[in-house]
Amino acid sequence: ENKKEGGISQVAEALERQNIGTAKWLPATMGPVPPDCNALIIAGARRELSSDVKGKMLAYQRAGGSVLLLLESSLRLPTGETRAGKEDWNPRFNDMLADWGVQVGDDVVVDMANHVGQDVGCPATTTYPPHDKIVNDLGVTFYIRPRSLTFTKRSSGIVRFASLVKTMGAETSWGETDPTLFVRYDAGTDVPGPVDIAAVLVREPDRDQSAPTAYKQAAKMVVIGNSGFATNEFAGRYSNLDFVVNCAAWLADREPMLDSKEVRAVAPKLEITAKDLRRATVIMGLTPFMIMS
């Protein structure tokens with residue numbers, strides 16, 4: 001509902017235009033995730049969630065619930081400042097993602113050749129591994145200090161996953177782990193490019209249904225290593241909003257009713273090479289828990 005730059009009201013409004021209703025879930029007062037929720041969106045959590053809230057999310061997923069997880073940027077600190085007292089800031093959710101075979105990096109993805117404005121920590125890309133319901137026909141998307149995603153195990157008959165978004169430059173991009181953001185690739189420490197920024201995951205029901213932690217039905221998840229790109233300040237740029245809406249609609253088992261170009265005015269989509277992308281994005285200035293039912 002927040003219409004300020006840091007809010008995501010544009011995402012909610014775009015979903016409403018697709019006849020996908022939105023509502024808040026307040027776990028402290030509303031109990032479990034409602035059973036008629038088609039998809040749960042966690043947008044940029046700034047603090048670690050309590051074990052009770054995580055338990056409610058897991059119960060929802062094990063019953064076949066779908067989750068769109070938009071991660072807050074990695075906490076970067078000035079030289080000399082420590083993380084004392086900030087250990088639970090900007091959580092990565094790796095405790096919940098481990099069972100899905102995905103790990104979120106404590107880093108910032110940079111691309112020295114393909115980025116927005118002068119900030120190499122705002123990578124722009126048109127590299128989307130195929131997924132006919134989410135990324136087909138997308139133009140440029142860009143991200144605000146995103147985290148890297150790493151697959152920690154192979155896809156299997158139980159858990160399947162695939163990359164949705166990668167950086168464009170294999171040699172010019174990496175996951176920068178220096179907490180002060182001194183940007184320099186360090187082999188063996190930084191995540192080499194091309195870097196995964198978003199992933200789609202599907203989990204089939206567990207064969208053994210007797211365990212209390214068993215997944216009773218198939219569950220889906222989309223993990224994006226950034227939430228800032230979907231805020232009101234940046235969602236209307238290029239294909240950022242299209243990407244978020246496509247993810248949410250796929251998770252909710254809905255087909256977009258109208259092409260987004262017919263319901264909102266945005267910058268035109270671009271299909272350009274890495275060299276042209278840099279030329280185009282450098283002129284684009286960066287202006288200084290909801291539920292779908």
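K86 lies over the face of W89, with 5.8 Å to the ring centre. The model is a predicted one. A second lysine is placed in this way: K220 lies over the face of W250, at 4.2 Å from the ring centre.

The protein chain around these contacts has 293 residues, and 51% of them are buried. Its secondary structure comes to six helices and 14 strands. The accessible surface of the chain is about 13400 Å², and carbon and sulfur atoms account for 54% of that area.

Rings also meet other rings. A pair of aromatic rings is described by the distance of the centres and the angle of the planes. The structure holds six such aromatic pairs. One of them is formed by W100 and Y215, whose centres are 6.1 Å apart and whose planes stand at 85 degrees. This pair counts as edge-to-face because the angle between the planes is over 60 degrees.

The two partners come from distant parts of the chain, 115 residues apart. W100 is in the loop between α4 (94-97) and β4 (102-104). Y215 belongs to the loop between β12 (196-203) and β13 (219-224).

Are W100 and Y215 buried or exposed? W100 has a relative accessible area of 0%, so this residue is buried. Y215 has a relative accessibility of 3% and therefore also counts as buried, since the cut-off for buried is under 20%.

Elsewhere, ring pairs join Y143, F229 and F243 into a cluster.

Note on methods: Residues are numbered from 1 along each chain as its sequence is written. This is a predicted model: local features need pLDDT of at least 70, side-chain atom pairs count only at pLDDT 80 or more; totals for chains, interfaces and linings use all residues. Side-chain values use heavy atoms; hydrogens and water are left out. Rings of Phe, Tyr and Trp (its six-membered ring) pair if their centres lie within 6.5 Å; planes under 30 degrees apart count as stacked, over 60 as edge-to-face and the rest as tilted. Helices (H or I, at least four residues) and strands (E, at least two) are DSSP runs, numbered from the N terminus. Buried means under 20% relative accessible area, exposed over 50%, partly exposed in between (1.4 Å probe, protein chains only). A charge sits over a ring if NZ of Lys or CZ of Arg is within 6 Å of the ring centre and within 35 degrees of the ring normal. Accessible areas come from the Shrake-Rupley method with a 1.4 Å probe; for residues, only the protein chains shown count as cover.
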